[in-house]
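Got the model loaded in your viewer? Let's click through it stop by stop.

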Amino acid sequence: MIRCVSLLSTRHPSLFCCHISDFASRMRLLNRLKEDDEACVSALQSGSIFLFHLLRPLVCPTEGGGLTPVRLSWTSLTSVLQRLSSDRSLLNESVLIGLSEQNQNQAQFCLDVGVLDPVAVEAECDGTFVDMRKAFFLLTGSAAPFVAKGQALLRWHQETKFCSSSGRPTQRNRAGSLRVCGSITYYPKMSPVVIVLVSDGKRCLLSRQMSFPPGLYSALAGFCDMGESLEESLRREVAEEVGLEVCRFSFSGSQHWPFPQSSFMIGCHAHVNPAHTELSVDWSELEDARWFSLEEIDHALQVQHPIRGEPQVMWFPPKHAIAHRLIREWVELQRAQSS
Ligand SMILES: NC(=O)C1=CN([C@@H]2O[C@H](COP(=O)(O)OP(=O)(O)OC[C@H]3O[C@@H](n4cnc5c(N)ncnc54)[C@H](O)[C@@H]3O)[C@@H](O)[C@H]2O)C=CC1
Ligand SMILES: [Mg+2]
C-alpha cells in the first residue's frame, strides 16, 4: 500500500512529505529511533519488551507444542520490577530490536534481567527462561529470528562494555545500536559464514561434525577469512573439509544464525565435476562426509525429530535453518531435471 506519510521530523525537511510504502516508512522510523534518544525513550514507553535472563529468552508454550516469547508492555514490566523491589533504571538497559509490522509499527525491545532472581521473574511473568539452543527450533512464526536478534544484541552489549583501546567503560546510545568511547564507535558485529550444498549433478554431499546430535547431517559450512570474497571462502572451505574443487556455484539466500555467537550464514549451491568426486575428508573437522542419492535425501526429509536411541536414522536441520532450505531446493531441482 502506498500512502502519504509525514516523517515526523522537521530535522529532515527534504523528507517531510512524500509517497512511500508502509515498509519504507517503517524502516525510516526504525533508523530514526536509532539516532534520536528522546524518540527512542517514548517508543519504549509504548513498546513491548522481550525478557532474557543471562541470555536465555523468557518463553511460554503454545497449543501446537511450540514456544512463543513472552512480551511485556513498559507499564507491566515497571510493575513487575516494583514488586520485585528492583530499580526501574534497569529499563535503561533495554535494546531496540525492531518494529512490529502487525502491530502498527510498535517498537520491540529486549532486556536482560540477569541481576534479578529468574524464578521470581518467571512466576511474575508466566513464562520460563529456556536455553537458546532448546528454544530456537521450537519458537513459532517469525519469533525465532526476532528472539535470536535480541539475544545477539544483548550478548554484544555484554561483551563490549569496555573499550579495547583505552580500557575505559563504553557508553551506549538509547536504542543500543552502538557504543562509543571518545572518538571510537563500536557497532554490533556478525561473523560471515558460507554454507554450501555441493552436488555432482546426481548426488549431494552432506557432513556431520562431532558436536552434532546423533544422526544429524548438514551442508558444509565455514567461517569466511578476513579479506576473502564469498567465492574464495566457498572454494577454500570445500577444498579444506572434503578435498574437492568447486567448478561453479550460485547464491540461494542468507540468514542470521545465533550459534555459536552471531553468524551471518550465506547459503549457496555448488557443483563439482562428476569425474572428480572422491572425498578426502578432514577428520579433525568432520566426523563423517558422504554423497547421498535423491532417494536417501527424500527419506531423511520425512524424519521430523531426532529419534532417541536410533543414531542410524539420518535427519536434517529444521525448516528455519538455511541448510534445510538448500536441501529442499536441491531436491526440487533434481525432480525438475528428471521430469
Ligand atoms: N544452519 C546450519 O544448518 C548450519 C550452521 N552451521 C554454523 O556454521 C558455523 C561455521 O561452521 P563450522 O563448520 O563450525 O566452521 P569452520 O569450518 O570454519 O570451523 C570452525 C573453526 O573455525 C575457526 N574460526 C575462524 N573464524 C571464526 C569465527 N569468526 N568464529 C568462530 N570460529 C572461527 C575456529 O577455529 C573454529 O573452531 C557454525 O557457527 C555453525 O553453527 C554449520 C553447519 C550447519
Ligand atoms: Mg566447517
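Here's a tour of the ligand site, the metal and two more stops.

Before you click: residues are numbered from 1 along each chain as its sequence is written, while chains are lettered from A and ligands numbered from 1 in the order in which they are written. This is a predicted model, where local features need pLDDT of at least 70, side-chain atom pairs count only at pLDDT 80 or more, and totals for chains, interfaces and linings use all residues; side-chain values use heavy atoms, with hydrogens and water left out.

**Stop 1: ligand 1.** Select ligand 1 and show what's around it (near means a heavy atom within 4 Å). You should get 18 residues, with Q209, F223, E241, P260 and A323 coming nearest. Colour that shell by class and you'll find ten nonpolar, five polar and three charged residues (Ala, Val, Leu, Ile, Met, Phe, Trp, Tyr, Cys and Pro count as nonpolar, Asp, Glu, Lys and Arg as charged, and the others, Gly among them, as polar). At least two shell residues each come from β13 (191-199), β15 (220-223), α7 (230-242) and β17 (263-272); these helices (H or I, at least four residues) and strands (E, at least two) are DSSP runs, numbered from the N terminus.

Now zoom in on the ligand's oxygen atoms and look for N or O pairs within 3.5 Å. One oxygen is 2.7 Å from a side-chain N or O atom of E241. The backbone of F223 offers a polar atom 2.9 Å from a ligand oxygen, and the side chain of S218 has one at 3.4 Å. Taken alone, ligand 1 exposes 840 Å², and the protein buries 65% of that (Shrake-Rupley method, 1.4 Å probe).

**Stop 2: the magnesium ion.** Which residues coordinate ligand 2? Select A221 (O) and E241 (OE), at 2.1 to 2.2 Å; donors are N, O and S atoms within 2.8 Å of the metal (3.2 Å for Na, K and Ca), and water is not among the atoms, so sites may look incomplete. A221 sits in strand β15 and E241 in helix α7, so the pair ties together parts 20 residues apart in sequence. E241 is buried, at 2% relative accessible area, while A221 is partly exposed at 24% (buried is under 20%, exposed over 50%, partly exposed in between; 1.4 Å probe, protein chains only).

**Stop 3: T170.** Go to the loop between α6 (143-159) and β10 (171-172) to find T170. T170 is buried, at 4%, and its side chain makes a 2.8 Å polar contact with that of R179.

**Stop 4: A239.** Back in helix α7, pick A239, which is partly exposed at 38%. Measure C-alpha to C-alpha from A239 to E35: 44 Å in space, and 204 residues in sequence.

Terms used: Polar contact = N/O pair within 3.5 Å; in protein donor to acceptor, adjacent residues only side chain to side chain.
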